[in-house]
Amino acid sequence: MKNKSVIEEADDVRRAVEMVQLGARMQMLEVETRLSREKLLRIYKEVRGASPPKGMLPFSTDWFMTWQPNVHSSLFMNLHRYFTGVGVHGLDAILKAYHLYLDHIEVGVIEPALSLTRAWTLVRFFDADLLQLAACTRCGGDFVVHAHDPVHDYVCGLCNMPSRAGSSRRKAATRKAVSPTRKLVTT
Amino acid sequence: MDRPDFQDDIRELNLAYLMLAQQMLRSDRATALFRLGIDERFADLIESMSAAKLVRMASSQMLLPRFRFDDEQLARLMAGEGRDAASAGLHAAILAAGKAATDAR
């Protein structure tokens with residue numbers, strides 16, 4: 001870590017700042033940059049004005065299956081898929097897709113259910129073949145599902161909306177994006 | 001009898017579109033390609049054009065930007081039809097992004 005170029009380090013600092021601004025946790029910063037933990041901590045504190053939250057990242061794929069997170073995750077993965085398709089990979093693809101995701105959230109005046117760290121975890125789950133995209137048989141859109149789930153008669157959560165889905169959206173407006181609420185799981 | 005020819009409005013819209021496209025391409029090319037829905041070669045062309053050429057290109061009696069989503073279901077969702085407008089908007093965004101990803105291949 002000591003003997004790398006100054007330009008590479010400057011690039012890492014720029015990316016780290018962007019990630020922290022978008023709400024990244026320390027674990028993501030440590031994997032995606034080659035900066036020391038001390039340096040990352042200083043960047044985090046300087047950008048956010050507070051110490052990063054401690055503790056482990058959520059590691060279950062189940063969260064992405066609950067109704068609202070699934071819709072948001074599916075939007076993110078469709079955006080991400082576009083960028084990998086045109087030759088943008090790795091962190092760049094995640095950041096570009098996440099910016100577009102946030103743009104949609106802003107236009108729709110809805111709560112961002114997916115934090116950057118969650119989005120990053122989501123891509124890692126895809127890379128590890130734990131999750132996949134399946135086409136809805138009604139609307140034709142692609143949605144996040146467990147890998148190896150049968151998908152030949154899959155219907156997405158938006159074509160087949162559970163009766164209470166979306167009703168807590170306005171109440172959720174005051175909550176933080178980093179503490180997503182758990183909803184009733186359908187199917 | 002007065003016949004509105006919309007010529008000035010079309011020219012203005014064309015020019016606004018071309019200038020916006022050029023700015024977007026120069027700031028973040030990959031994101032601009034996604035948002036504009038144009039291919040790489042056309043993007044190269046617009047990006048390299050001088051202001052004078054953009055103005056000349058805009059002076060057409062035809063509208064240059066074209067409607068991307070000739071899909072009735074998607075258009076309805078975009079307009080917010082459905083149980084609630086926010087969910088319809090998300091649904092539309094998922095379908096539109098999926099189409100863009102498929103078209104780009």
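Reader: How many ångströms separate the centres of domain 1 and domain 2 of chain A, taken over C-alpha atoms?
Author: This is a predicted model, in which local features need pLDDT of at least 70 and side-chain atom pairs count only at pLDDT 80 or more, while totals for chains, interfaces and linings use all residues. Residues are numbered from 1 along each chain as its sequence is written, and chains are lettered from A and ligands numbered from 1 in the order in which they are written. Chain A is divided into domain 1 (6-48) and domain 2 (62-174), with bounds that come from an automatic or database domain assignment. Taken over C-alpha atoms, the centres of these two domains of chain A are separated by 25 Å.

Reader: Which element gives the most to the side of domain 1 of chain A that touches domain 2 of chain A?
Author: In chain A, 9 residues of domain 1 are in contact with 7 residues of domain 2, where contact requires that the C-beta atoms of two residues, placed from the backbone, lie within 7 Å. The elements that give two or more residues to this side of domain 1 are α1 (6-21) and α2 (26-32) of chain A, helices being DSSP runs of H or I with at least four residues and strands runs of E with at least two, numbered from the N terminus. The residues of this side divide into 4 nonpolar, 1 polar and 4 charged, given that Ala, Val, Leu, Ile, Met, Phe, Trp, Tyr, Cys and Pro count as nonpolar, Asp, Glu, Lys and Arg as charged, and the others, Gly among them, as polar. The element that gives the most, with 3 residues, is α1(A).

Reader: Is A:Asp62, at the start of domain 2, buried or exposed?
Author: A:Asp62 has its place in the loop between α3 (37-48) and α4 of chain A, and its C-alpha atom lies 30 Å from that of A:Arg34, 28 residues apart in sequence. A residue is buried if 20 or more other C-beta atoms lie within 10 Å of its own, exposed if 12 or fewer, and partly exposed in between, with C-beta atoms placed from the backbone. Because 11 other C-beta atoms lie within 10 Å of A:Asp62, this residue is exposed.

Reader: How many of the 19 residues of α4(A) are buried?
Author: Helix α4 of chain A covers residues 67-85 and reaches 27 Å from its first C-alpha to its last, close to the 27 Å expected at 1.5 Å a residue, a span reckoned as 1.5 Å times one less than the number of residues. Just after α4(A), A:Gly87 takes a positive phi of about 90 degrees. The helix α4(A) is mostly covered, and its buried residues number 16.

Reader: Which element of chain A supplies the largest share of the side that touches chain B?
Author: Across this interface, 23 residues of chain A are in contact with 21 residues of chain B. On the chain A side, α4 and α5 (90-107) each supply at least two residues, and by class that side has 12 nonpolar, 7 polar and 4 charged residues. The largest share, 9 residues, comes from α4(A).

Reader: Which helix gives the most to the largest nonpolar core?
Author: A nonpolar core is a set of buried Ala, Val, Leu, Ile, Met, Phe, Trp, Tyr and Cys residues joined through C-beta atoms within 7 Å, and the largest one here has 60 residues, with A:Leu75, A:Phe76, A:Ala97, A:Tyr101 and B:Ala97 having the most contacts inside it. Leaving aside neighbours within four places in sequence, A:Ala97 is in contact with A:Phe76, A:Leu79, A:His80 and A:Phe83. The helix that gives the most to the largest core, with 9 residues, is α6 (residues 85-104) of chain B.

Reader: What is the radius of gyration of chain B?
Author: The secondary structure of chain B comes to 6 helices and 0 strands, and its C-alpha trace spans about 45 × 45 × 20 Å along the principal axes. The globule rule, 2.2 Å times the number of residues to the power 0.38, gives 13 Å for 105 residues, and the chain B value is well over this, so chain B is more spread out than a compact globule. Taken over C-alpha atoms, the radius of gyration of chain B is 17 Å.

Reader: Is A:Ala134 buried or exposed?
Author: A:Ala134 lies in strand β1 (residues 131-135) of chain A, and, not counting residues up to four places away in sequence, A:Ala134 touches A:Asp142, A:Phe143, A:Val145, A:Val151 and A:Tyr154. Because 21 other C-beta atoms lie within 10 Å of A:Ala134, this residue is buried.
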